[in-house]
Amino acid sequence: MKLLTTTSILWLIYSISGVVALSSLDSSVATACLKYNSQFKWNCSSNKKYSCLCKDINWLQTLTYCVNYGSDHAKPFEHAMRHLRLRCQSGDIDYTSEQLQEIYKNGTSYARPITSNDTTTRVIGTLIPDESNFDYYLTKYKQTTLFVTRSQWFGWGLVFYWVTIILLSTISNVNKKMIGLNNPLQHNWVKRNIIIPSMGKHYKERTFLLFRCIPINFPTRLDALIVTVFVILTIIFCGMDYDIHLPHPNYPDQWRLNARMLNYRVDQMALALFPVIYMFGIRNNPFITLSGLSIGSFNYFHKWCAYVASVLVLIHAVLWTVYSQKYSTYHHYITQKYFQWGIAATVMMFVLCSHSEKIFRDRFYEFFLFFHKAMNVIFIVGLYYHIVSFGWLNWVWALVGIWATDRVLRLFWIIINGGVHNATLTDCFNGVIKVSIPKPKFFKYQPGMYVYLYFLGLNEPWFCSLQSHPFTILSEPQIDKMQPGNLIIYFKVNKGITKRLLSRLENSGQQSINCKVLLEGPYGVQLPQIIPITENQSGICAGLGITAVYPELYYAAQQTEKVGSFSHHLIWIINNPSHVEWFHQELYLLSQLNCTIEIICTRKYSNTNSTNEKAKSSTDKLQYVTASDSASSTRTSINEDSKKFQHEIQYIEARPNLGELIGAQIVKSQSQSPQPRDLNILTCGPSSFNDKIRYHITQELAKEVSINVNFDEKSFTW
């Protein structure tokens, strides 16, 4: 219900705003009348000064008469009248539609043909347009209006391209979760060559430094293909269907005509992309759940839509600057508020794009979080005031609606989750902190969920409390036997807020402390798995990556517990055997569901590593038994069965051969009896680890594989 409501609200805002934007074009009839009648002498110093023209009754009668003359039915007449009202309002004079209608009726009594003196002598009366002369103006402005309308449709074409991508992904995801028909995109050849591999071999999550200084982030081939088609479509749309020719009443030469038409094209396409950019960048994006596409993919699309829109805006800005310089109008335009706000919005766009690069986010993440939000607001304000007098505001309302809906939903999740919570922070040592939060009443857990936490009362600057950080929910609260009413989160201390939390723990002199938090979420909701699971699940994770892999693996093992032909497997690679202590009970629970657990430690074995380690044999394997000491505050009430459970740790004193591990899992599923089963490989770990897993899976798929092998990377990096 939540998903359908969010999707409906966001899509309704976008669709209505876009359709209304198409109807808010300048009236070709009114524009033709304004231009046609500007050649005559009115009681004003300038024929573009509406604060004066709209006070001249002869001008008003002539314009309303002309509008009626050029309109073939009621709709264009009403549109033209609205256009005239807006022009007068720009001169601080406001007429109602009824008043303009009355002016038109009165003017018909004074209608007369145009004379040669009307261009030099003040016009008295209502001028009747010359049919052949006025038709030239009307035809040219109708062509211009049609061109601008087509430019908007080209912008919608880019939107529909992304709708198509999401629709196809949604169909595939629904089929995978609910129907189970054969999907040609799931063929191993497609996965090996398009879906799984990165464009940069061993680089996807990691940043490649070209010449050791230029950062490059590589996407998957599928994401790159989607974006490449998008860029090609944009280039094609920018260059096609220019069918307006000289002579033209507004443009005396070809360069001026071409420049203005290209300006119309790029600004309309950029405006159409702005809501897409915001839709792909929000947290409450319902299409993540529907399509099954990863957060990383949507963030990649978000960035490239922003890059393309920025280039379109740059073309618009450069063309307008050169145009105004060429015809000596720049000094006039630079004094105009709309022009100044346009410069501000353009600068904000490029600052937003540049400071969002991964190399800057990784180094200054909290700075990025705060200023990305602040500059977004400045950009929206600048865009609004830049186009407020041109009739394109509905695109702005679309992106504001999407952005505001996301913000309201964020606040809604915090409120419905109970507001401020008293969380318990426990130091698990070796840079790992456990967070226990009372489970909100309406919080329903699902594997793969994550939440955003706001840490309060850390004696930090006020804006730090506005920063939220994503954390995976390890498991359903009922799995934690000691604290059945809590949500459990583990995270690795890095820098920023997590480093300050560790410092606070260490300074307290206690292993556990309390901290006030706000809980926003849940996110990461998936479509329900209606069809039975048919694949073996193999989790290959490193370090704290187990917290993302474990819930999915545990759920699959639960669902297939009563089916004896499944063979699930967990491979956990660690560099410190003490990690097993804080994750001991979860491993025990998983082992009870017919899942093989393999723990590999890359550190050299030492008898002094822990008082709880006992060597099993001379092959560098040992049994690990969790202490039952009552002083242990991380596990105070572990049941007797889990106390007796032993984990075998294999010490290899080197990084494991990931290719061999993956190959062994594939062979195991292929040779399984009574019949082979398809395999789904879950992975999470450091960036280099995930990239190598991705690479080795594509290498293994290049061999003769008789089963389908899927790859599910649990990663939030972008």
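**Chatting through three helices**

Biologist: Let's start with Ser 687. Which helix is Ser 687 found in?
Modeller: This is a predicted model, and in it Ser 687 belongs to helix α24, which covers residues 687-701.

Biologist: Is Ser 687 buried or exposed?
Modeller: Ser 687 is partly exposed, because its relative accessible area is 21% and buried would need a value under 20%.

Biologist: How far apart are the C-alpha atoms of Ser 687 and Tyr 203?
Modeller: They are separated by 8.6 Å, although the two residues sit 484 residues apart along the chain.

Biologist: New topic: α4. How many residues does α4 have?
Modeller: Helix α4 has 14, residues 57-70, and spans 20 Å from its first C-alpha to its last, close to the 20 Å expected.

Biologist: And what caps the N-terminal end of α4?
Modeller: Asp 56 does, with a side-chain oxygen 3.0 Å from the backbone nitrogen of Asn 58.

Biologist: Okay, how many residues of α4 are buried?
Modeller: Eleven of the 14, so α4 is largely enclosed by the rest of the structure. Among them are Trp 59, Leu 63, Tyr 65 and Gly 70.

Biologist: Switching again: at what angle do the axes of α10 and α17 cross?
Modeller: Roughly 0°, and the axes of α10 (residues 254-281) and α17 (residues 393-416) come within 8 Å. That angle makes α10 roughly parallel to α17.

Biologist: Which residues make that contact?
Modeller: On α10, they include Leu 271, Phe 274 and Tyr 278; on α17, they include Trp 395, Leu 399 and Trp 403.

Biologist: How do the contact residues divide into nonpolar, polar and charged?
Modeller: Eleven are nonpolar, with no polar and no charged residues in the contact of α10 with α17.

Technical notes
Residues numbered from 1 in each chain as written. Predicted model: local features only at pLDDT ≥ 70, side-chain atom pairs only at ≥ 80, totals over all residues. Heavy atoms only, no water. Helix = DSSP H or I, 4+ residues; strand = E, 2+ residues; numbered from the N terminus. Expected span 1.5 Å × (residues − 1). Buried < 20%, exposed > 50% of the residue type's maximum accessible area, 1.4 Å probe, protein only. Polar contact = N/O pair within 3.5 Å; in protein donor to acceptor, adjacent residues only side chain to side chain. Axes fitted to C-alpha atoms, helices over the stretch in contact; angles between N-to-C directions. Parallel < 35°, antiparallel > 145°, perpendicular 65-115°, else oblique. Contact = heavy atoms within 4.5 Å. Nonpolar A, V, L, I, M, F, W, Y, C, P; charged D, E, K, R; others polar.
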